[in-house]
Amino acid sequence: MRKIYFICILFICNGLLAQKKDKLYPVTVYEKAWQERNNDARLKLIKTIWLEDSTFEDPSASIKGIAAFNNVINEFYKKNPDAVLTSGAKTVKDNYVTWDWKIQDSKNKLIMAGREFARLNGKGQVSKIISFWDKDAALSEADILKNLEADNFKVVAQYFECLFKTRDFNTMAIIIEEDAVYNQAEGLPYGGTYKGFNEWTKMFAKSAELFDLQIEKEPVYFSDASKNEVIIYFTIKCKAKKSGKTLSMPISEHFDLKDGKITGIRPFYFDTKQFAEFLKSKK
């Protein structure tokens, strides 16, 4: 008997879940329409869930019909060509659905945020959308730190590319703060503290006289965005110019950043003494 009750309850729960999914179908298509950049593809989506007497209202528009709604989205993308829409969880009650949303640009800067209320007709179509804008909306601290981390990773990746692959010091100079400090281990032939990009280039030139370098393993990135720090871990393969010997060694580099520029670097060699002896060794 208990087994029968359990099966009945499970059946009812599955039925309710299926009903909720069916109700959310027009909302899912509605959101896809907002994310679709191609006008013809978007219009096809809209026609599947929008009727000629369906209405859309927000602080900037009050319209009715398929073509008018498509035009609202067109005009939005003219003003915000790189906009990215993300939505929160949906709350369903009877034929009403509500959810929060936010729109950011390609650099993760918040454009606008708000809340949507949808009234469905129970036949897989939207009867009415009312969109409320939150003019005081701001990204959460977590989102801000996530964006900062992504930006910092891009800066460090650009530095890595310029130094180890393209040797493009002109581009590198743009992302280095004027008084940035580079701390090399004192035990190395080019060790010391270098302040400013001109001093950095002298250090790079001095190291290039001692060895040729290849990246054996590409960097892995770690971050503490709250402190504007990035750490990368990678492996180099070097050939000493004095001896012709080769050596592979893991390295980590600690980057300090501020306002999209590098303010300091400190590399850590797996074995600084071994690396120094390798560079000084003779044939």
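## Legends for a first look at the protein chain

**Figure 1. The surface of the protein chain.** About 17,000 Å² of the protein chain is exposed, and carbon and sulfur atoms supply 54% of that area. Please keep in mind that this is a predicted model. Looking at cover instead, 36% of the 283 residues of the protein chain count as buried.

**Figure 2. The overall build of the protein chain.** Following the protein chain, you will meet seven helices and 13 strands. The radius of gyration is 29 Å, while the globule rule gives 19 Å for 283 residues, so the protein chain is more spread out than a compact globule. Along the principal axes, its C-alpha atoms fill a box of roughly 85 × 60 × 35 Å. Take the contacts between residues at least 6 apart in sequence: 48% of them join residues at least 24 apart.

**Figure 3. The charged side chains.** Here you can look for 44 positive and 38 negative side chains in the protein chain. The centres of these two sets lie 5 Å apart.

**Figure 4. A close-up of helix α2.** This helix runs over residues 39-49, and R42, I46 and I49 are buried in it. Those three residues cover an arc of only 70° around the axis, which puts them on the same side of α2. An α-helix has 3.6 residues a turn, so residues three or four places apart point the same way.

**Figure 5. The other face of α2.** Which exposed residues does α2 carry on the face turned away from its buried side? They are D40, K44 and K47. Compare them with R42, I46 and I49, which are buried.

How values were computed. Residues are numbered from 1 along each chain as its sequence is written. This is a predicted model: local features need pLDDT of at least 70, side-chain atom pairs count only at pLDDT 80 or more; totals for chains, interfaces and linings use all residues. Side-chain values use heavy atoms; hydrogens and water are left out. Helices (H or I, at least four residues) and strands (E, at least two) are DSSP runs, numbered from the N terminus. The radius of gyration is taken over C-alpha atoms; the globule rule is 2.2 Å times the number of residues to the power 0.38. Buried means under 20% relative accessible area, exposed over 50%, partly exposed in between (1.4 Å probe, protein chains only). Contact means heavy atoms within 4.5 Å. Accessible areas come from the Shrake-Rupley method with a 1.4 Å probe; for residues, only the protein chains shown count as cover. Lys and Arg count as positive and Asp and Glu as negative; His and the chain ends are not counted. The place of a charge is taken as NZ of Lys, CZ of Arg, CG of Asp or CD of Glu. The arc is that of the directions from the helix axis to the C-beta atoms.
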